[in-house]
Amino acid sequence: FCFLHGSDAEEDLIGSLASMSTKERIKAIQKMPETMRKKREIRNEVLKEITKKANHGAQPSCCAQCLQGAAVSFRRFGNSLSELFHQLRVWHKTLKIIGAEFGTSVLSYFVFLTWLLNFNIFSFLINFSFITIPQFLAAEPNNLSFTGLELLTGAGYFQQTVLYYGFYTNATISKIENGPSYNMQLAYIFTVGIYFVICFLILLFSMAKFFSRNFINPQEISVNASKLLCTWDFNITNDKAVKLKQKNLCTQIKEGLTEVNKEVLNFSAMERVIRVGVHLIAWVASLGIAVAACAGVYFLSMNNLELFMKGYRNDLESQAAMLVLPVVVSLLNTLIPFFFSWLGHLEKFQTPGQHIYVTITRNIILKMSIVGILCYYWLNIVAASESQCWETLVGQDLYRLVLVDFIFCLLGSFFGEFLRRIIGTTVCLNLGLPEFDIGRNVLDLIYAQTLTWIGILFSPLLPGIQMIAFFIVFFVKKVSLMRNCQPPRKVWRTSQMMTSFIFLLFCPSFLGVLSVIGVTVWRLKPSEGCGPFRGLSSMYAAVAEWIQVLENYTISKWVVWIYHNLITSELFFFILSSFVLIVTYLYWEIIQGRKTMTKLLRQQINN
C-alpha cells in the first residue's frame, strides 16, 4: 500500500481491506508504514465496515451470528493478550539500552539469561500443574515447626512439604467415590519424562534457528551500505528512542567494520614458540586446578555424608554443617573463574572472541567436572546409604547448591565489579573501570540451569526457585553493568555467540543431565518409606506395571504396541539415530554450500 491521505483515499483503503480474507488483511495492515496507533485505528474501522456490510446484507442465522461474534471476541482477546505479554516483558527496553551502550557481546549474555528465565517459567508451570496441585488434594498436615533457617538449608519444615520428592504419595488420588482418579506414580514419571522430551526439542529447534540465522543466512553481506541506508526505522518519533536507535546503529557499524578490517598479526618463530609455551602452561595450570577442585569436592562430600549419618546434638551445628558442601563448591566456582580470566589476559589473544571462548571452555571443564563428582556422590554413595529417604536428601543438597550459588552470584557482582570499580577509580587509576566478564557469567548461568534440571526429579518446585533467582540476577547484573563496567575496549561482532551458548547448554549440560536422570529412573531402587515409587524395584517399574494393566483392555492395544515395538526396541532407536545423523550430514553440506556462495557474493560486492 502507498501513503494515502484524505477521506476518499482512507475509504478506499478500508473498503479494500474489508474485502480481503482475515489472514491477508492482517498481513496488509502489518506491512503499512504507519504507527501502531494508526494501525489499530485502521483495523477498528475495517471491523466496523465488515459489521456494517453484514447487517445490510442477508441476515445470517443465529448460529452463524454466534460463531462470528465468538471469532471476533476471540481475536480481540488474543490481541489484548499479546499486548499484555509485550508489556510484561520488562526487560525489552533494557536489552535495547544494553545493546546500544555495550554492544552485542554483552547483550548476548542478557538475551541468554532471559531465554533461561522463560525456560524455567515453563518448567515451573508444568511441574506445578501436573504434580504439585494434585498432591495438595492428598497432603497431610505438616506438624514440624518453622524456624526460618529452613530458607537457607532447605531442611526441617520444608522436608514435609511439596518441595521434595519424599512428600509425594504413591496412592491413586480420588476425591469422589467411584469418580475419576489420578495416578501419582504415572503423573510424576510422565510429567518429568515429557518435560525433558520438550526441552530436548526446544534446544534442538533453538540451536537450528540461531545456527541458520548466524551461519547459513547471515544478515549482513555488505556492512557499510546495508547498515547506513537500509536499517533506520522511520516509525520512531520519540527523542529518546531516536537517540537509542542511533547509539545501537553506531555500535553495530563499529562491530561490522572491526570484523571487516581485522588485522592478521605476523609473529616471528621465537614469538610463536613463546606464545605456544604460554598457552600450554595456562592450560596445564587450569586443568590442574580443576582436578584439585574436583578431588576436594569428592572428599568433602564423603565427609559430609558421614556427618549426616552420625547425627548432631546441637541443631545449630547441624544446620551449619549442611551448608559446608554448597559453600565450598560455590566458593570454588566463583574464585577459580577469576583465575581463568587472569590467565586469559596473560595469554594475550588476538581477538576478544578467542579470549571468551577459551575462558568458557576452561570454566565448562571445571563446573561440569564438579557436577559430575556430585552426581557420582548422590547416585552411588547417598543412594546406597542407610538414609530413610535418599531422594529427599539429594533434593536438599540441590536446593542448597542453587541457593548458595545464587548468593555467590550476587557477591561476585559486588566484589568482582563494584569493588573493582572503586579500586580502579580511586586507588589504582591505571586499572580503570572493569569490563563485563561474559565467559564467567555465562557459565554461571549454565551451571545453575544444570543443577535445576538434575533437581527436577528430586525437588519438583526447584525451577520456581531458579526462576526467581534468574529474575533478580537480571536486574542486579543490569545495574552493576551500567554503574560499574565500561564497554569493551575492542569492539567486535558476536553473531554466533548465542548459538554457542545454547550448544553448551545442550552438550554437555543437558545430555549429562539426561544420563543422570536415566540412571536414576532405570537403575536405582527408590526408598522404601517415602515418595511416589516406594516399594518398587525402580521408578520405571511403574510404567511396566501400567502397561500390564493396559494389556487387558482392547481399546488400549495401540499403547501396548508402541511400548513393545518402539519404546523398548533397540532397532527403533538405531534407525532413529541413523536418520538424525544423515539429516545432520545433509544439513552440514547445505551450510558449507551456502557459506561458499556467501563468500563469493561478498568478494563480488567488495570488487
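Let me begin with a definition: a residue is called buried when its relative accessible area is under 20%, exposed when that area is over 50%, and partly exposed in between. By that criterion Cys-409 counts as buried, because its relative accessibility is 15%. Cys-294, at 9% relative accessibility, counts as buried for the corresponding reason. Please keep in mind throughout that the structure before you is a predicted model.

I shall stay with cysteine for a moment. How many disulfides does a search of the whole structure find? The search returns one. The partners are Cys-389 and Cys-530, whose sulfur atoms lie 1.9 Å apart. Cys-389 sits in the loop between helix H13, residues 352-382, and helix H14, residues 390-427, while Cys-530 sits in the loop between helix H17, residues 497-522, and helix H18, residues 541-550. The two cysteines are 141 residues apart, and the pair thus links distant parts of the chain. As to geometry, the link between Cys-389 and Cys-530 is right-handed, with 90 degrees about the S-S bond. Both Cys-389 and Cys-530 are buried.

I turn next to the nonpolar interior. The largest nonpolar core holds 118 residues. Which of its residues touch the most other members? They are Phe-110, Phe-112, Trp-115, Trp-378 and Trp-453. The element that gives the most to this core is helix H5, residues 92-138, with 14 residues.

Phe-112 deserves a closer look. Once its neighbours within four places in sequence are set aside, Phe-112 is in contact with Val-442, Leu-445, Ile-446, Met-498, Phe-501, Ile-502 and Leu-505. Apart from the largest core lies another one, of nine residues, including Leu-13, Leu-17, Ala-28 and Ile-42.

Helix H5 also contains Phe-128. Is Phe-128 buried, exposed or partly exposed? With a relative accessibility of 28%, Phe-128 counts as partly exposed, because that value falls between the two cut-offs I gave at the start. Not counting residues up to four places away in sequence, Phe-128 touches Ile-133, Phe-136 and Leu-461. Of these, Leu-461 is 333 residues from Phe-128 in sequence, yet the two C-alpha atoms are 7.0 Å apart in space.

Let us now move to the surface. Val-197, Phe-200, Leu-201, Leu-204, Leu-511 and Leu-514 make a nonpolar surface patch of about 460 Å². The elements that give two or more residues to the patch are helix H7, residues 184-216, and helix H17. Helix H7 supplies the largest share, four residues. Leu-201 is a residue of helix H7. At 52% relative accessibility, Leu-201 counts as exposed, because its value is over the 50% cut-off.

Finally, I come to the charged pairs. How many salt bridges are counted? The count comes to five, and I shall describe some of them.

One of these salt bridges joins the side chains of Arg-362 and Glu-347, at 2.8 Å from N to O. Arg-362 belongs to helix H13 and Glu-347 to helix H12, residues 324-347, so this pair ties together parts that are 15 residues apart in sequence. Arg-362 is buried, because its relative accessible area is 2%. Glu-347 is buried as well, with a relative accessible area of 4%.

Another salt bridge is formed by Lys-367 and Asp-444, with 3.1 Å between the closest N and O atoms. Here Lys-367 lies in helix H13 and Asp-444 in helix H15, residues 438-455, so the parts tied together are 77 residues apart in sequence. Lys-367 is buried, with a relative accessible area of 1%. Asp-444 counts as buried because its relative accessibility is 14%.

A further salt bridge brings together the side chains of Arg-440 and Asp-437, at 3.6 Å from N to O. Why does Arg-440 count as buried? Its relative accessibility is 5%, and the cut-off for a buried residue is under 20%. Asp-437 has a relative accessible area of 18% and is therefore also buried.

To close, I return to two points. The one disulfide found in the whole structure joins Cys-389 and Cys-530, and helix H5 gives the most residues to the largest nonpolar core.

Technical notes:
Residues numbered from 1 in each chain as written. Predicted model: local features only at pLDDT ≥ 70, side-chain atom pairs only at ≥ 80, totals over all residues. Heavy atoms only, no water. Core = buried A, V, L, I, M, F, W, Y, C linked by side-chain atoms within 4.5 Å. Buried < 20%, exposed > 50% of the residue type's maximum accessible area, 1.4 Å probe, protein only. Contact = heavy atoms within 4.5 Å. Disulfide = S-S within 2.5 Å. Patch = residues over 30% accessible without salt bridge, like charges linked within 9 Å, V, L, I, M, F, W, Y side chains within 5 Å. Areas by Shrake-Rupley, 256 points an atom, 1.4 Å probe, with all protein chains shown as cover. Salt bridge = Lys/Arg side-chain N within 4 Å of Asp/Glu carboxyl O.
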